[in-house]
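Q: Please give a close account of the second largest pocket and of the interface between chain B and chain A.

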Amino acid sequence: MLIVSELNIRELLPHREPFLFLDKIISCVSGESISVSKQFDKDEYFFSGHFPGYPIVPGAIISEAIAQACCVLFCVTYGYDEERLYALGKLRMNFLNSLYPQQNMIININAIKLISSGGFFKAVATHGNIKLAEGQFSMSVKKVLNESKKS
Amino acid sequence: MSKLLNGYLGEIKAIVNDIREEPLESLQLKSNLRDDLGIDSMMALELMADIEKAYSMHITESELKSLSDVESLIELIERHKVKKNNA
């Protein structure tokens with residue numbers, strides 16, 4: 001099993017704050033699976049609106065964290081490329097329980113099919129014994145276009 | 001059309017319908033995966049995963065790229081079946 005430390009996240013992902021939603025890579029098996037963790041601070045920008053006085057991590061953010069975990073698994077498998085962009089394909093998620101500020105979320109990803117141009121994954125997000133979300137989604141990778149760089 | 005071929009077409013149609021989330025009007029041997037069935041590159045991954053599971057086989061990246069229509073997919077399934085039987 002290939003273990004990747006938390007220091008490697010920024011070397012493997014192009015995402016940055018305020019849109020980087022992974023803290024730590026717990027374990028990763030190249031081409032197969034990854035386990036990551038994330039704890040959302042109570043001062044995260046989206047809590048003021050989602051919802052006022054009752055902060056809950058949006059399902060869209062949980063989905064994005066899952067997608068970022070898949071990007072890391074892809075990079076561990078095929079190597080980092082700064083010219084690479086990631087595009088989400090189909091997303092089939094069930095959201096089962098809420099995640100609140102300062103609760104730790106663990107995401108486990110299994111690659112159902114992973115090739116050099118994308119992947120199809122199964123994901124489960126949990127907090128302790130509580131299942132937060134589960135589902136499947138696909139992702140493709142593309143080369144950065146000059147137009148994308150400019151904008 | 002043989003019973004075996006009819007079986008393949010029915011099974012592949014069910015898988016494609018599930019991926020597309022809407023039923024196909026028809027699926028023929030010569031149906032192009034992209035142009036006729038609307039299978040884009042990301043759906044193709046899902047299709048391959050479902051085919052691998054349904055037929056207990058592993059499809060390589062180069063095999064995936066060589067697929068163009070339903071006939072080529074059935075031929076691939078058959079090749080894997082023969083390989084498995086000879087192993």
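A: The second largest pocket holds about 190 Å³ of space; on a 1 Å grid over the protein atoms alone, a pocket is an open set of points where a 1.4 Å probe fits, with protein on both sides within 12 Å along at least five of seven lines, and lining residues have an atom within 4 Å of a point. The volume is the space filled by probe spheres set on the points, which are joined across faces, edges and corners. This is a predicted model, in which local features need pLDDT of at least 70 and side-chain atom pairs pLDDT 80 or more, while totals for chains, interfaces and linings use all residues. Residues are numbered from 1 along each chain, chains are lettered from A in the order written, and side-chain values use heavy atoms, without hydrogens or water.

The lining includes A:R92, A:F120, B:E46 and B:E52. By class, this lining has 3 nonpolar, 1 polar and 6 charged residues (Asp, Glu, Lys and Arg count as charged; Ala, Val, Leu, Ile, Met, Phe, Trp, Tyr, Cys and Pro as nonpolar; the others as polar). With 5 residues, α2(B) gives the most to the lining; helices are DSSP runs (H or I) of at least four residues, numbered from the N terminus.

B:E52 also forms a salt bridge with A:K113, their closest N and O atoms lying 2.4 Å apart (a Lys or Arg side-chain nitrogen within 4 Å of an Asp or Glu carboxyl oxygen). The rule finds 4 salt bridges across the interface of chain B and chain A. To the side of chain B that touches chain A, α2(B) again gives the most, with 6 residues.

Technical notes:
Contact means heavy atoms within 4.5 Å. Helices (H or I, at least four residues) and strands (E, at least two) are DSSP runs, numbered from the N terminus.
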